[in-house]
Amino acid sequence: MIVDDHPVVRDGLRGMFDNLADIEVVAEASDGHEALAMARRTRPDVVLMDLRMPGLDGVGAIERLRVDHPEIKVIVLTTYGTDADVTRAMAAGVAGYLLKDAPREELHRAVRVAAAGGAVLAPSIASALIRRPATQEPSPREVEVLRLVARGAANKEIARTLLISETTVKTHLKHVFAKLGVETRAAAVVVAMERGLL
């Protein structure tokens, strides 16, 4: 599903996915409220979400989608790459963050990666995150938790898989974030992959 308040952008994005055998645009929405309604109706695997829209903005819609349809993966697609925008979006639980100048092939790859449970970041944003200093290596248990995060598992699922409490999962993630010098799950996965931990 494509969510953007500009019809021209939606048309352009839809055109980028024409004639692909494995990706189909099943819905479009012009704001967060419409996105939630369309998500209920069409159940897309992946949503391309603009951040700044009238009414319910992208982050608000992402937060609601995470509660109502946690299986849906959301990729932010925006012109804004500031630290504040990235932090808000990732805290809301996105699977990726791309800028609107991304090449068509990168957009296709991002949708496929997100649908498979992976994380994707624009190269410029990934580079900024990776340059943050790390204090120490995560423990083997913390890497186990991070590996499940990379597969898209929520805290409850991680707790069930590893036979630990959700509180312990949150503590492990807090330690991982500190050790990798990041603030979000998606950033932790990207940095861990770049450093060969996953």
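Here is a friendly set of questions and answers about this predicted model.

Me: At what angle do helix α1 and helix α5 pack?
Reply: Happy to start there. Helix α1 covers residues 7-17 and helix α5 covers residues 104-115, and their axes lie 10 Å apart. Angles from 65 to 115 degrees count as roughly perpendicular, and α1 and α5 therefore fall in that class. The packing angle itself is about 75 degrees.

Me: How do the residues of the contact of α1 with α5 divide into nonpolar, polar and charged?
Reply: On the α1 side, Leu-13, Gly-15, Met-16 and Phe-17 take part, and they meet Arg-104, Leu-107, His-108 and Val-111 of α5. Glycine is counted among the polar residues here, and Arg among the charged ones. The contact of α1 with α5 thus divides into 5 nonpolar, 2 polar and 1 charged.

Me: How far apart are the end C-alpha atoms of α5?
Reply: A good check on the helix. With 12 residues at 1.5 Å a residue, α5 should span 16 Å, because the expected span uses one less than the number of residues. The distance in the model agrees with this expectation: the end C-alpha atoms of α5 are 17 Å apart.

Me: Which residues in α5 are buried?
Reply: Buried here means a relative accessible area under 20%. Two of the buried α5 residues, Leu-107 and Val-111, also meet α1. The buried residues in α5 are Glu-106, Leu-107, His-108, Ala-110, Val-111 and Ala-114.

Me: What is the phi of Gly-117, and where does Ala-119 lie?
Reply: Gly-117 follows α5 and has a positive phi, near 95 degrees. Ala-119 counts as partly exposed, at 23% relative accessibility. Leaving aside neighbours within four places in sequence, Ala-119 is in contact with Ala-95, Val-113 and Val-189. As for its place, Ala-119 is in the loop between α5 and β6 (120-121).

Me: How far apart in space are Ala-119 and Ala-188?
Reply: Along the sequence, Ala-119 and Ala-188 are 69 residues apart. In space, taken C-alpha to C-alpha, Ala-119 and Ala-188 are 9.9 Å apart.

Me: Which helix gives the most to the largest nonpolar core?
Reply: The largest nonpolar core holds 70 residues, and Met-49, Ile-75, Tyr-97 and Leu-180 touch the most other members. In soluble globular proteins, nonpolar side chains tend to be buried together. With 7 residues, the helix that gives the most to this core is α10 (residues 185-194).

Me: Which residues does Ile-75 touch?
Reply: Ile-75 is one of the core residues that touch the most other members. Residues up to four places away in sequence are not counted here. That leaves Val-46, Val-47, Leu-48, Met-49, Gly-96, Tyr-97, Leu-98, Ala-110, Val-111, Ala-114 and Val-120.

Me: Is Leu-99 buried or exposed?
Reply: Leu-99 lies in strand β5 (residues 96-99). The C-alpha atoms of Leu-99 and Asp-50 are separated by 9.7 Å, with their positions 49 residues apart along the chain given as the sequence separation. The relative accessible area of Leu-99 is 17%, and the cut-off is under 20%, so Leu-99 is buried.

Me: Is His-172 in helix α9 buried or exposed?
Reply: Beyond its neighbours within four places in sequence, His-172 is in contact with Arg-141, Glu-142, Val-145 and Ile-164. Thr-171, also in helix α9, is partly exposed, with a relative accessible area of 35%. His-172 has a relative accessibility of 15%, so it counts as buried.

Me: What is the phi of Arg-43?
Reply: Most residues other than glycine have a negative phi. Arg-43 is found in the loop between α2 (32-42) and β3 (46-49), and it is partly exposed, with a relative accessible area of 49%. Although Arg-43 is not a glycine, its phi is positive, at about 45 degrees.

Me: Is Leu-163 buried or exposed?
Reply: Leu-163 is in the loop between α8 (155-162) and α9 (166-180). Its phi is positive, near 60 degrees, in a residue other than glycine. The relative accessibility of Leu-163 is 76%, and the cut-off is over 50%, so Leu-163 counts as exposed.

Methods. Residues are numbered from 1 along each chain as its sequence is written. This is a predicted model: local features need pLDDT of at least 70, side-chain atom pairs count only at pLDDT 80 or more; totals for chains, interfaces and linings use all residues. Side-chain values use heavy atoms; hydrogens and water are left out. Helices (H or I, at least four residues) and strands (E, at least two) are DSSP runs, numbered from the N terminus. Buried means under 20% relative accessible area, exposed over 50%, partly exposed in between (1.4 Å probe, protein chains only). Axes are lines fitted to C-alpha atoms, for helices over the stretch in contact, and angles run from 0 to 180 degrees between N-to-C directions. Angles under 35 degrees count as roughly parallel, over 145 as roughly antiparallel, 65 to 115 as roughly perpendicular and the rest as oblique. Contact means heavy atoms within 4.5 Å. A nonpolar core is a set of buried Ala, Val, Leu, Ile, Met, Phe, Trp, Tyr and Cys residues joined through side-chain atoms within 4.5 Å.
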